[in-house]
Every structure is written in C-alpha cells, then in structure tokens.
Amino acid sequence: MTKYTNITRLLSLVFALVLALNLSAQEGSGDPDLGKSVWNANVCGSCHNKNMRADMTGPALGGVEERWADYPREDLYAWIRNSQALIATGHPRANELWDQWKPTLMSAYTALTDEEIEGLLAYIKGVYEGTYGVVTEIPGPNDPEAEETDNTWLFIVLAGILGLLALILARVTSNLNYMSKVKDGSAPAQRRTLGQVLTSRGMIAFAIFALVVLGGYTTVNSAVDMGRQQDYKPEQPIKFSHVTHAGLNQIECQYCHDGARRSKHSVIPAANTCINCHAAIKYGSQYGTAEISKIYASVGFNPTDGTYIEGYEDMTMDEVKRIYSSWIANQYQENDGNMDRVEEVIEEQWEGIVASIGHGDATPSADETNNLYGPIEWVRIHNLPDHAYFNHAQHVTVGQLDCQNCHGPVEEMEVVYQYSPLSMGWCINCHRQTEVAAFDDNEYYQSYEQYHQELQEGTRDQVTVEDIGGLSCQRCHY
C-alpha cells in the first residue's frame, strides 16, 4: 500500500511541476496583436483609458500585472473573466478594487481563453510602456507627402506661351509666303494683317480643335468628380463634438458605431446608446442642456427622475414642453444661477429642440400630438456609390485597420467632415500599399504556399492586399 501511495505522490508532484512550467511559460508571453484584437472586439476602451495611464469610467490598466503580483496568475484571469464572481468569494484584491470603484460593474468575459488574456495583458503593457501601439498610417491624398498640388496656373501660363508662339509662327509664315510671292512676281498689293491671319481657315480649325480638347478634358474631369464630396461638413441636428467624446474622454469609436467590427455598415448609434452615459451626465461642458435635451426628447427620457416617460409618443406638444422646460429651468438655476434669463433660455432651447428633431411640422401647435418622438435624423456624410461594395468588418476586424485610416483624426474634429476622397484610385492605392494583417496566422491565407515560402526565404518582406487579389474588379463590383 505504501508503494502505491509513494507512486501517487510522485505523479502528483510531476503534474504540479508541469502545470507550474506551463503557467510560467504562458505568463508574460502574450501576443500584443492578439490582445489588441481582444481589446477592440470587446470594446474595452469604452470604460478604460486607451493610454493605459489615466482613470476613466474604470481604472487605468497600466501596471495591472504588478498590482496583482502577490496573487496567483489564475486570480487575475478570474478577475478579467468575471469580476463579480471573484468578489463574491471574498478575494482581498478583488474586494479592494470593488470598494474603490463601486457601483460601477465590469462586464463579464467568460469566453476569453488564457491565451487571449495573456495577449490582452501584453497589449496593455506595451501601450503603457510605449513599446507597442505606434500607428503606421497608409499614405493617402490628405498626407503631406501625397498631397497633390494645384497646377492650374501652370497650364494657363503654358497655354498663353503656346498661343503667343502660334501667333508669332503664323506671322512669320505669312511673311515668308508674301516674300516668296514677291520673288515670283505674284505678290498681292498688301501683306495680310494680323486680323486676317487670326481669321484664316487654319487658325479657325486650330481654335475649334483646341476647344474640343479642352471641352473633353473638362467633361471627363467633371464626370470623374461626380458624387465625390471630400471635405463635406454638413450641419447636424445635434451639435455632437467628437473632440469631447472621442478626444477628451477617449470613448472607443466602436462603442457607438458597434456595427463596424461585425457587419457591412458601421451603424449610426441609436439615442439609447447616448442615454447609457447621459443618464448620468446631464449637463454638457459646451452647451449645457441645449443639445443633451434633444436626445432626451427624441426617446422620451425624463432626466429629472431618470426614467423613460410612459405614453410619451401620445402626449401633446404642450405636455412635452412642460416636462423639458422644468428640467431646463432647474439645470440653468443650478449651474448658472442667473434667473433673469431663465424664461428666455427655456424658449430658445425649446425652439432648438423642435427645429432639430421635430418630425413633421417644424412649428406644431401646443395641443398637437408629440412629433419629437423618433430617431434623430442625422445628415449622412460618407456615401459610396451603389455599385461599389464596402464591408466595414472586413477592414476593421480582418484587416485590423484603425478608423483614422479612412476617416482621419476624428478625435480632433469638432464637426465631422469627409476626410478622404473615397475615390476608386484612393482605394486601389491603399490596397497596393497595405500589408495583409496576420498573414502567417490566418488559416484562410494558408493556401498561398508560394508567398509563405518566399517570406521564409527572405525574398519577400510582406504580402499586400494587391497580392491576394485586392485589385480584382469583382472584389468591389459584383
């Protein structure tokens, strides 16, 4: 019996050593590229600051491994997967964090594997220490190096020089012809004047030819530019500041435009997404209640008691006005303190609400049925032609492109505008220059045996989208 007990103990010791070696090998060996994908896919940046250094809705994540160093690695895994479950066990570190940040709940991510968590930790550490996260942008028409200069003035000068040379040559030709006729004794009484030269059949034919070429050039250029609206910056029904949201507060783009990572369209966020934050943040840093009240009115949210108004869509405009006028007055008194203008402010903001989100008559009567309830009618900025296919998920999730590659520094735009031309040539140039993300790891690309062999031999340093058929017409037009 003692013999079998010793064997069992020996096997248990070997198993423990193997497990320890496995955990040791995993610790600190995460793939930051995988971690970035996990970060984006789970929209971690909506609560945690992307610089990993400053607190936001949740704590700064830089140095998280060091703060959990006194506990087994599995405890950190458990915290990331389901923080509330670990808190319920009485874990000292988990409860310490809960005491600091409650009642803010961390979402559960029970499906994350150990490898994905290690990758996430590696990504956090790389961004925090500055060793990861340098964005390499694709050169485009908006980059200084690729910016096209306007050569119109040069063409005008050249046209003028050519015209002057044509006149000189025409005059010289006329004089030579006259001298030749004088020598033959058949010269007319007078030489041809400049007017006669300009109205000759040759000059008229040349002018017609030049007009046809110029007209064709202008027509083709105008046709190519048809439908393009680079720098288009329309006024929106709500003065939404990306500088405040995406820049100052560093809200992840995909928290609002959550379709970008999983569908063809990036999706215009519903007003209920706005309410997720503005149920608590009720006074804007720039416009006070003027713009936030428009969001409340569109979905029937009562900011006074923090609830959705029952039967809101059937209310009269007078009833709706009373609710939001009371709210505006209370907030104005609390934040401004000057009650002399309160009635004026209420009327100004109410008129702004009706004008911006009113569905139907812009100036309804007081007893008319509520026409504010409904989706906010944002003005579309980016619009590809119907015959061009574009899939956001294919570029954001598979291609791992940042939103700024196409949309520019949105976090610096007070009013969003179309940054890129979105032309066919612009897309093709991007496909020619962009390296295929995770080419070695993605099973879909294993069929490109020649490229993998060339990469291993060092005869090729990258595989671009062009190499895998990115310039094929059927990719975008089918």
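A salt bridge here is a side-chain nitrogen of Lys or Arg within 4 Å of a carboxyl oxygen of Asp or Glu. Keep that in mind as you click around; the model you have open is a predicted one.

**Stop 1: salt bridges**

Start by selecting Arg341 and Glu344. The two form a salt bridge, and their closest N and O atoms are 3.4 Å apart. Now switch on the surface. Glu344 is partly exposed, at a relative accessible area of 41%, and Arg341 also counts as partly exposed, at 31%.

Next, pick Asp258 and Arg262. Their side chains meet in a salt bridge too, with 2.7 Å from N to O. Asp258 has a relative accessible area of 24%, so it is partly exposed. Arg262, at 53%, counts as exposed.

Then jump to Glu454 and Arg460, where the side chains meet at 2.8 Å, N to O, in another salt bridge. Is Glu454 buried or exposed? Glu454 is buried, because its relative accessible area is 18% and the cut-off for buried is under 20%.

For something with three members, select Glu65, Arg73 and Glu118: salt bridges link them in a network. How many salt bridges does the count come to? The count comes to 13 salt bridges.

**Stop 2: charged patches**

Colour the surface by charge and select Asp31, Asp33, Glu115, Asp440 and Asp441. These residues gather in a negative patch on the surface. Zoom in on Asp31, which sits in the loop between helix 1 (2-26) and helix 2 (32-41). Asp31 is partly exposed, with a relative accessible area of 35%.

For the opposite sign, select Arg171, Lys181, Arg191 and Arg192, which form a positive surface patch. Use Arg171 as your anchor: this residue lies in helix 8 (residues 152-184). Arg171 comes out as partly exposed, with 31% relative accessibility.

**Stop 3: aromatic pairs**

Hide the surface and show the rings. A pair of aromatic rings is described by the distance of the centres and the angle of the planes. In this model the count comes to 12 aromatic pairs. Begin with Tyr296 and Trp327: their ring centres are 6.1 Å apart and the planes stand at 75°, so this pair is edge-to-face. Trace the backbone from each ring and you find Tyr296 in helix 14 (residues 292-299) and Trp327 in helix 15 (residues 317-335), so the pair ties together parts that are 31 residues apart in sequence. Both Tyr296 and Trp327 are buried.

Now move to Tyr444 and Tyr445. Here the ring centres are 5.3 Å apart and the planes are at 75°, so this is an edge-to-face pair as well. Which of these tyrosines is exposed and which is buried? Tyr444 is exposed, with a relative accessible area of 59%, whereas Tyr445, at 8%, counts as buried.

Keep Tyr444 and Tyr445 selected and add Phe439, Tyr448 and Tyr451. Ring pairs link these five residues into a cluster: Phe439, Tyr444, Tyr445, Tyr448 and Tyr451.

**Stop 4: loops and backbone angles**

Switch to the backbone for the last stop. Most residues other than glycine have a negative phi, and most peptide bonds are trans. Against that background, select Asp231, where phi is near 75°, a positive value in a residue other than glycine. Asp231 lies in the loop between helix 10 (201-225) and helix 11 (242-248). Turn the surface back on: Asp231 is exposed, at a relative accessible area of 51%.

Where is Val267? Look in the loop between helix 12 (253-256) and helix 13 (271-278). Val267 has a phi near 80°, again a positive value in a residue other than glycine. With 34% relative accessibility, Val267 counts as partly exposed.

Stay in this loop between helix 12 and helix 13 and select His257, which also has its place there. At 30% relative accessibility, His257 counts as partly exposed. To finish, draw a distance line from the C-alpha of His257 to the C-alpha of Thr273. The two residues are 16 apart in sequence and 9.8 Å apart in space.

Notes:
Residues numbered from 1 in each chain as written. Predicted model: local features only at pLDDT ≥ 70, side-chain atom pairs only at ≥ 80, totals over all residues. Heavy atoms only, no water. Patch = residues over 30% accessible without salt bridge, like charges linked within 9 Å, V, L, I, M, F, W, Y side chains within 5 Å. Areas by Shrake-Rupley, 256 points an atom, 1.4 Å probe, with all protein chains shown as cover. Lys, Arg positive; Asp, Glu negative; His and termini not counted. Charge placed at Lys NZ, Arg CZ, Asp CG, Glu CD. Helix = DSSP H or I, 4+ residues; strand = E, 2+ residues; numbered from the N terminus. Buried < 20%, exposed > 50% of the residue type's maximum accessible area, 1.4 Å probe, protein only. Phe/Tyr/Trp six-rings, centres within 6.5 Å; stacked < 30°, edge-to-face > 60°.
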